[in-house]
Structures are given as structure tokens and as C-alpha cells.
Amino acid sequence: MDFTNLNIKKLYIKWDEKLVITADKIEVRTHTKHDTGFNYKKRLKSVIYVLKNSNELSDLIERIDIKKIAFNDMEASFKYKIGDKGHLTLNSKKIALQCKIEADSKHSLITIEQFHNNLKSIALKGKILIDNTHETLSADIDMDIFDDAKLRLYAYSNKKDFFYALYSDKKIKNLQKILKLFPIPAYVDPWIYDAIKMSDANLKKFYGYMEFSKPRSIIKNMYGDIDLYDVNYTFDKRLAPIVTTSTNVVFKDGILNIYPKNGTFNSQDLNNSHLDIDLNPNKNILTVYLRDHLSLNDDILFLLKTYHIDIPFVQTSSTTDTNLDIAIKLANFNVDVNGSFKIDDADFLYNGLNLHASKGFLTLKGSHVDVKQLKLSYKDSLQSDISGYLNPAKHLGEINIAVNKADFYSKKLYLSSKTSKLNLIYKASPKGDKIDVSPSSWFYKNDKIKVDGFDLNFNFAALFARFSAVQISLEDKLYAYLSGDMDFKRLLADMKLDIVKLDYKGLKLDQTVLPLSIKYDKELQAGTAAKSLWKINNQKVVLSPARLIYDGEYLKSINSFINFQNRFDTNFDIVYDMNKETGYLSLSNLNVKSSYLKRFFSKNDTYHLKILKNDKETKMFLDKYGLEFSLNTDEQWSLKCNDIGKIYMNVPYLKDYNITEGNIELFSGKTGDFTFSGKIKYPYKILVKNNVPVENYYFNGVYKPDGTEINVNNDLDIKIKKDIKIKSSAIGFNIPEIIRLSNNRKMETNSTKTPLVTLEADKSYLYLKDNKKMLADHLELQYLNSGITAQLKYKNGSAGFNLSRYGIFYLYGSHFNDKFMNELFSTSNFYNGDLSFTFNGAFDNFSGIIEVKKTILKDYKVLNNVFAFINTVPSLVTFNLPDYSKDGLNVENMYVGFTSKKGIYDLSDISLNSKEIKIYGKGTLNLNTENLDLDLNLKTDLGSKASKIPLVGYILFDKDSISTSLKVTGNMYDPKVSTTIAKDIVIAPLNIIKRTLLLPMELLSPQ
């Protein structure tokens, strides 16, 4: 069987006194698209009609059994048997229902045994009584919603209205789920359901009614009073929530009123502020009522900006008396704002500036903003009065800014308010915006600056300004014209500054006009690609290109070029603190024209300098090399090196002579000369003062184009022109240190010519070691092309020295007296005598002979120990000289011939001739360890003592003499003596040794 909206399968109808109706399935189709929807009144009448006539039907029906009733996704079954209760079950994805139905002619009772709404997690149990006669309905239902709320619903309905009331004796855990049971518009949902987070709620009152003819009246006729606890109310997900310990929510006349108690919004107390949501038809408006003293901090400003109230400053102290209504239409988010801000003694941050408002009043009405009596100040630098109005929607407005005080850069730049005031008038118009700037006078330190009045063409929407030819003057020191564009929204500027004249603090423009491009994009940039001519402290300077960057604190120049008075040119980068007058300068491709200063600077290196400036001078520090350069206003400069160790590798003289410690200062003169002074600690102690080698050398001098003069330790005077002349007096020269220096330096063996260096020293000496020196009444030295010659004179004695560039030397001398010898030989004393000597070879491998004639030898350490030993051996009594210790030994002639290798002397020929005794010997002397090893042969005349001499192995007899052999070993200052088997020692004759040593000198001597 198939009707229009009904499809029945396996319908069975049997008539046996009464009807038996069974069916496998009854399918009810959904409403057509022309169905107007659910009609509460019509459906209720239909139910009542069926139930009202159920008694009459029961007389005709014995049993009804419908196994399945399908309606959309819902399935149901119905069973009825005469004399028993009807049973209805109903199941779908959303709901499940089991109930009993009892009916008579007057009443019908529906007992809901079980009802679940799976989607909304609602469980119901209760009874519904229908008065068939009067067509009314009463209900008493227990409701369990999400296990979060247990409510009891009492309801009553007649033909016109439906009344209800909800009660609960337990706290509600989740109010949002209950609210979702009510028909609230979808676009309002986020402001109620999603916005409220809480711990629990207390339902105080909730009741209302609905007119069937006006189903939407349920909102208007609903009343609720609920307390919420531990509430976070987020009325906008972009904003922080309102946090309260408790909140009273009252729903009345279709308006949801929310009253926070002990509330905070972004850590600000809310004592009087509240909000409401008007849910009435065609309303749906959320209104925030701010009625508190609030700080307009970032959070509050974000709140206002969210609703198109853009306040360009942030309050950092105190609070503002706020009386503001923000009405938001939830359907389209249109916002209407009305209210006021009263400012009294508060601090604000505006574009990075800390401003103080001592008084002010702002009112808002829609898009119209009035500013009244707003007094703003910046530290102790800026004070102004602001008044006027703005209407951004109509693009109208006029803001007056009267600057009463302007004082910047630690009162170096300030407004001359006594002679002129600075007034700015901003005028907004649909035809175009303008800013009128009045003429003003300023002072920079004691210099007066005049700025002509000018107009800015201003685009308020784009915050863009354009102006032309503003004249700026600084008495007779500066004349310039400024023009260009400024974009205040993007904080950009593109301007041109034509400098006609600049002559300030030693900086002077040296050309007719200088056009500079000025741009601002997070920092101020000024520069020109063209060559510009300047003077700095009357020194000519060329810049090309020149580019300056200023960020409000630092002045910078990147990859610029400077030529300074043709003394040097370089590429440079600079970072300079304008407030502290300090900075850093980097130089690259530095080309120094001074031949002297070129030694300090290499074109291939980059130099980083620190800059300090004051009114008198500019200082630059090159820490890499320990250099300090100073330039003062008198055109004088100085260069100091506080640590030579940082520059010696870059200075050939310092590097060659291993000068690594010390300092030096250079001071310029006015005619191209300069003076200098300093101190060095030299690793070679070349000079000796009062027998103490000197390692610290203090010097001073003057450089002139025609020569240089230097004084060292007040002992050496050096003059440098084409040649170098050195003079000294009463100072010694350390020969071992000079030899060490010579050995450590590479000798020049090429033909490169070097300047002639001459030394003249009076009352001098050549220092060999402690208590060993060669005295000199006069000493001369010549150094040329790595070769050295020297001449020494003392009393009647003289000596000569020659050192070739190959490291071979010759030293010879003669006729030196006993004082010379006593200073030279520390192991003996001489009285009278004549010393001569000859050495040749290399310093680490040379040969020599030393001869002394006609002298009295006293206290010679070796002889002392030899004669002391003889006195202990009775058999050697013949060799005893009892008067030696008192009178010494008269020596006719003594000499020693030797070769030396690295401090070890091979004494091949030792000879001492005297009337009493003759001594011959050979051996070695190690000056490194001061040890000796000698074999000596002593001879004396036989005389009348022959019969008393014992026959022993260590005594030899000759015709007229006897001899013995001794071994001398140990420390040269206290050697040990012992006997040995007597033997003759053969030595070379003196004339043969001399001839061998003097042959190279004879070959070099002039014919």
C-alpha cells in the first residue's frame, strides 16, 4: 500500500468482532520543500485529537502491532492490546525513547521511562499529563544534562502559550551545554557558548514563556539569574579574557547582562565595568561599558584597536578615567564608540618617546574625536599645548600644537621661546591636508639658528608630506635649503639639502654649493657621489664619495674616500657617537705620502681606530698597533705608540734590530719638522754605564727635512743626514752583546749601499764581562755596507779592528800599559809592562796571540797555585820563589798562542820567561765553564843546589838547568796542581806565531 507520504508493507487487517491490525513497516516520508515547518499549535491539536478519541477507537480495536515505523533516520515500534497500556519505543542516531501511554476520554498520561538525546547528552524521566477536554498539557520532568547539571522542569501549555521553570538544588558544572539547548542565532554562539569558562554555576532563577503564535518571543519572555564562579570570559579570541572570582549573569528582556565581581582585564581591576548582549530580534548587539580608572597600556590599546579605536600612544604610569561604550553588531561587526578619557598626570610612550601628560580630555562620538587642553611634555626637553578635533570618517579636522619649550641634546639645541614661538596647525580637508609651521628661532649651544616658516602638503590617509625650499641659517656659519618628501606611515623620507655655506668648529665647505641627498628609512642617510671640497682645521680635505648615516645616536660613513692635505688618502668607514663624541674609524687602502710615516702603515692592511673629540683636539687610537694620533686646532699633530711590540714587525728598523718593547711619541712642528721621544727595552745590552750593562734606553730628538738628531740616555748624540754620526763620552760598549747581535742578524752580502755610520767615543771602554774591559781614551768606529772598522787609543797603546760583511774579523793592538792590562785580565795583576795582541777569524772560530813584555806579574791565579804546590813538595824546592807572593815575578816576556772555537780555547803555545824561572805549556781553556786543563814545564838554572836535588821521575837534568812537569786543572780562578812525569814541551817561537797571525793584515795594509 502506498499513499502520498506513506508507504506500508505487509499490512494485515482482521475483523473478528474487533480489529486486529499488524504491519511489518510503515514508512513516513519527510515534508516537501513547500512545508512551512513545525507548527507547534497544529501538532499539539493533532496529538490531543488522537488521544481524545482513543476510547472510541479502543472499542473497535483489539490489538495493534506495528513492528517498524520509519521516519527519516528514526525507527519506532508500537504495541497495543485491549485492556493493557500502550508501549512506544523510538530510536535514532540522536535520540532513544521508551514510554507508556495511558488514555481515557478526558486525560492521557505519558510516562517517559527513558529518553536520551545522544548528541546533546540529555537524559529525561518524568510524566506528561494531557487534559483532552481543555486541551492543556502539564509536565514534570527530571533532566540530566551531560552529567554536569541535574535540573527539574515544570511546564504548562495551553492553546496559546507555553510556560516553563527550571530548578536545581546542585551547582551546575557546565553552563554552556545548557545554553546550547536554547535557540540562539549562530553568529551569537561564540559570544556566549565559547566565551565563558568557569568552574561551576548556581542557578538562582530561570523561568519564562513562549507564545505559540510568536515562537521567537521565547527570548524576550525569558528571565534568568545565575552566579558563575572562577570565570574567564573571552568576548574576543584576539583579546585576553576578563577574569573574575564570581560573575552575576542576568538574562532579562532578551538581554544577557554580565556583571564581573572582583574582576581583572589584563591585570587591571574592573570594579564598575560590565557588558551585555542584546539577543532580541534585529538586535544581537554586544556592548562593553568601560567605567573604571584604566591604564591605556598595550592590552587596552589592543582592545580598542580591535574595534577600530586607534590611539597612537601607550600609557606607562598612573591611570586614565575611562567612560567608554563600545557597541558591536554581532551580525556584521559594525562598531559604534561613544565616551571620553580624562587624563591627569600620567606618562605615555609615543614612538619611543616617554611623554608626560599633566592634563587633558578626549571625547569620542562615533568617528569624531575632540582634544581639549592636552598638555604634553617630554622629559625636561619639550612642552606643548594640544587642542582641536578630528573626524577620520569625514576627513575633517584641525589640531593646534603650541610648542612652549623645546630643548634637545643636553640643552645644546633649544627653542628660543622668548623671541619666537613654534606653532603647528594641522588642517584636514577632503581637498587635501596641510600643516602650517610658523617661523622659529633656535640655539645650538651659543649659535642662533633660524628656520623660516613653511607649509607641508599633507595626505592624512597615507600620512605623506611634501615641502619645498625651507631656509635654515646659523648666523654667518651655515646657510642651507631643505626640500623633499616625508612618509610618516612608513617612516620614510626623501629630501635634498643644498648647503650654500658651512664654516663651523674647524669644518669648512670649500666650494660654492654642496647638494646632499637625504633619505630616511629607519635611519637618516645623507651623502653625495660627487667630489666635495672641505677644510678641517685649515687642512684641505677631499671627499669622494661621501655618505653619512645617522640613527639618532651614531653617525656612520660606509666605504667613503678622503684625501687629507695630500698627506694621505684612504677609504674609510666610521661609526661615531654624536652624544659622547667618541667613535671608531676603519681605514683601508691607506696611502701615506710621508716617507717616514710610510714605515708605520702598509697599504695592504686595514686599520681600526677609536676616536675621541673635544673642542681643542681630535684623537684617534689604533689599538692594533698601540698608536694614538692627535690633531688640534693649531694644525699640529702628534703620534704616540704606547707599545712598540705591536708595530715592530711593520717597521724595518725595529724588526731588523729586534726592538719589541717600549714606546715612542712624535710631535709635529709648523715647518714640516717634528720632535720625538720614547723608551725602549733592548734585548742587546750594547751600552754599559758604571760597569752595568744597560737594557732601558731613553731617547729624544727632532726630525727636520735636512736631518735628524737623537740623544740616548744623555750618553749618545746621534746625527742623521746622508750619514749617521754618533758621539759619546764616559760610556762603555758591550762587546759580547755586540757580537751576539752580529751573530743573530743576517749579514748583508750583496752590493746594496748603506749609509756610513761613524762613532766617536771619549773616555770609553769595551766591556767584555764583569771586571773585564778594554779602556779607551778615544774610540772610533765606522760602519759601511755591512763592514765595520774601529780604532782604539789608550795612553801610548793603540788597536785596530776590521769586520767584513762576511763575518771575518781582525783585531790587533800594541803598547798597552799595566792599567789597561789589569782592567782586561781579572785573574792577575800587572805592574808596568807592555801588552800587544793579534786576533783573526770569525767570532765563533778565531786564532790569536797575546804578548806581555817587561812586567811584574802579581797574584796570577795559576802561578799562585803552582808555587803554593811547589812549597808542599820538598823535592821541588829548587823551583821555589819565596819572594813571589810579596814582590811578584819579574817577567821579561810572556805570550800565549791559541785558537778558539765557540768559547773553547786551544792554548797551543804558552811561554813565560823570567830570570828566576821559565814556564812552557799547552792545554785548553773553556770560557763557557771557566775550567782549564794545562800541561806546564818549569825550568830553572841548576846552580850550586845540584847536590841537594833528589833523583826522582818528575825532575829532568840538563847541562845547566833542571826542569819539572806539572798538571793544572779545574776552575781558572782556583785550579788544582799536581806533578807528572817530567818531559819537555815544545812550543812555537813567538816570531813564527806572529808572522802567521799578521800575514792577513800585511796583505791588507797599503804598500
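A patch is built from residues with over 30% relative accessible area and no salt bridge, nonpolar side chains being joined within 5 Å. The structure shown in these views is a predicted model.

**Figure 1. Overview of the chain.** The chain has 1007 residues, and 42% of them count as buried. Its secondary structure comes to 12 helices and 75 strands. The accessible surface is about 55,600 Å², with 53% of that area belonging to carbon and sulfur atoms. Where contacts join residues at least 6 apart in sequence, 42% of them link residues at least 24 apart.

**Figure 2. A nonpolar surface patch that includes Y481.** Four residues, Y479, Y481, V500 and V513, make a nonpolar patch of about 320 Å² on the surface. Y481 belongs to strand 37, which covers residues 478-487. With a relative accessibility of 35%, Y481 is partly exposed. Y481 can therefore be admitted to a patch, because 35% lies above the required 30%.

**Figure 3. A positive surface patch of lysines.** K719, K721, K725 and K727 together form a positive patch on the surface. K727 is located in strand 59, residues 724-729. K727 counts as exposed because its relative accessibility is 52%, and exposed means over 50%.

**Figure 4. The salt bridge between E113 and K100.** The whole structure contains 24 salt bridges. In one of them, the side chains of E113 and K100 meet at an N to O distance of 3.2 Å. The two partners are 13 residues apart and link distant parts of the chain, with E113 in strand 7 (residues 107-117) and K100 in strand 6 (residues 95-103). E113 is partly exposed at 32% relative accessibility. K100 is also partly exposed, its relative accessible area being 26%.

**Figure 5. The salt bridge between R466 and D485.** A salt bridge joins the side chains of R466 and D485, with 2.5 Å from N to O. R466 sits in strand 36 (residues 464-474) and D485 in strand 37, so this pair ties together parts that are 19 residues apart in sequence. The relative accessible area of R466 is 45%, which makes R466 partly exposed.

**Figure 6. The salt bridge between D715 and K689.** The side chains of D715 and K689 form a salt bridge with an N to O distance of 2.9 Å. D715 is in the loop between strand 57 (707-712) and strand 58 (716-720), while K689 is in strand 54 (residues 687-689), so the pair ties together parts 26 residues apart in sequence. D715 is buried, with 12% relative accessible area, whereas K689 is partly exposed, with 32%.

**Figure 7. A salt-bridge network of D140, D142 and R152.** Salt bridges with shared partners connect D140, D142 and R152 into one network.

**Figure 8. The surroundings of M495 in strand 38.** M495 lies in strand 38, which spans residues 492-504. M495 counts as buried because its relative accessibility is 13%, and the limit for buried is under 20%. Apart from neighbours within four places in sequence, M495 is in contact with F467, with L482, S483, G484, D485 and M486, and with L516, S517 and I518. Among these contacts of M495 is D485, the partner of R466 in the salt bridge of Figure 5. The C-alpha atoms of M495 and Y520 are separated by 8.6 Å, although 25 residues lie along the chain from one to the other.

**Figure 9. The surroundings of L492 in strand 38.** L492 is placed in strand 38. L492 is partly exposed, with a relative accessible area of 24%. Leaving aside neighbours within four places in sequence, the contacts of L492 are D485, M486, D487, Y520 and D521. D485 and M486 are among the contacts of L492 and also among those of M495. L492 and F464 are 28 residues apart along the chain, and 9.1 Å separates their C-alpha atoms.

**Figure 10. The buried end of strand 46 at D577.** D577 lies in strand 46, residues 568-577. D577 is buried, with 3% relative accessible area. Not counting residues up to four places away in sequence, D577 touches E553 and Y554, together with T582 and G583.

Methods. Residues numbered from 1 in each chain as written. Predicted model: local features only at pLDDT ≥ 70, side-chain atom pairs only at ≥ 80, totals over all residues. Heavy atoms only, no water. Patch = residues over 30% accessible without salt bridge, like charges linked within 9 Å, V, L, I, M, F, W, Y side chains within 5 Å. Areas by Shrake-Rupley, 256 points an atom, 1.4 Å probe, with all protein chains shown as cover. Helix = DSSP H or I, 4+ residues; strand = E, 2+ residues; numbered from the N terminus. Buried < 20%, exposed > 50% of the residue type's maximum accessible area, 1.4 Å probe, protein only. Contact = heavy atoms within 4.5 Å. Lys, Arg positive; Asp, Glu negative; His and termini not counted. Charge placed at Lys NZ, Arg CZ, Asp CG, Glu CD.
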